[in-house]
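Let's take a short walk through a protein together. Have a look at the sequence and the fold below, and then we will pick out a few places to visit.

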Amino acid sequence: NTVNQSYGTAIPSLSGAVAGFVGGETQGSATTGTLSFSTAATQSSNVASYAINGSGLTANNGNYTFVQVAGNATALTINPATLTVTGSKIYDTNTGFLVGQLAVAGGVNGQTVALTGGTGTAASANAGTASGTLSSLAISVSGGSGSALASNYTLPSTGALTINPATLTYTANTVNQSYGTAIPSLSGAV
């Protein structure tokens, strides 16, 4: 049976069937052993298609030979793991986010994923969090088990972009006065 899974996830239980018996025979009447299916793919295997092969049965009296169906050669598909990208910056009247203001998460197999390029655009330049568009994203992958390949991951086209309020600072003008005199007018700037 075909299986699809994401890069970095455990190989699921594999299953299938044996067909082609003649004369009303069945797997139970024509074979001995326990049917099992296996693959050489592991949780660390790269994005690709892999074989799932059946084994474990012996034909009674040598009446049958066993072969793998051609589709078994690509029955397991490992798809890229999906990364998430978020952004955070201080309000600057612009909707744009530079790569240094973006962060990526979702590395698997102990791998570290870092953004090496890309930009984001928020829907508004005002403070707040909203889904924004991402473009020209590029990553580097290092460490962990398996091959540290960027092709084992897929990047989103949108992400949660947060614009935090800018800080305004009150600065009072210094005042000197004599004890017992009225407090003068106070002033300053923002």
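In which strand is Thr162 found? Keep in mind as we go that this is a predicted model. Thr162 belongs to strand E13, so let's begin with that strand and its partners.

Strand E13 covers residues 158-164, and strand E7, residues 84-90, runs parallel to it, with five bridges joining the two. You can find one place where they meet by looking for Ile90, which stands opposite Asn164 of E13. E13 also pairs with strand E11, residues 128-142, and here the pairing is antiparallel, with six bridges. For an example, look at Gly128, whose bridge partner in E13 is Ile163.

Now let's zoom in on Thr162 itself. Setting aside its neighbours within four places in sequence, Thr162 touches Gly87, Ser88, Lys89, Phe97, Gly128 and Thr129. With one of these, Thr129, the link is a polar contact: the two side chains are joined at 2.8 Å. You can also look across to Gln101, which lies 61 residues away from Thr162 along the chain, while their C-alpha atoms are separated by 9.8 Å.

Our last stop is on the surface. There, Leu168, Tyr170 and Val190 form a nonpolar patch, and together they have about 450 Å² of accessible area. Find Val190 in the segment that follows strand E15 (188-189). Is Val190 buried or exposed? Val190 counts as exposed because its relative accessible area is 67%, and the cut-off for exposed is over 50%.

Terms used
Residues numbered from 1 in each chain as written. Predicted model: local features only at pLDDT ≥ 70, side-chain atom pairs only at ≥ 80, totals over all residues. Heavy atoms only, no water. Pairing = 2+ DSSP bridges. Helix = DSSP H or I, 4+ residues; strand = E, 2+ residues; numbered from the N terminus. Contact = heavy atoms within 4.5 Å. Polar contact = N/O pair within 3.5 Å; in protein donor to acceptor, adjacent residues only side chain to side chain. Patch = residues over 30% accessible without salt bridge, like charges linked within 9 Å, V, L, I, M, F, W, Y side chains within 5 Å. Areas by Shrake-Rupley, 256 points an atom, 1.4 Å probe, with all protein chains shown as cover. Salt bridge = Lys/Arg side-chain N within 4 Å of Asp/Glu carboxyl O. Buried < 20%, exposed > 50% of the residue type's maximum accessible area, 1.4 Å probe, protein only.
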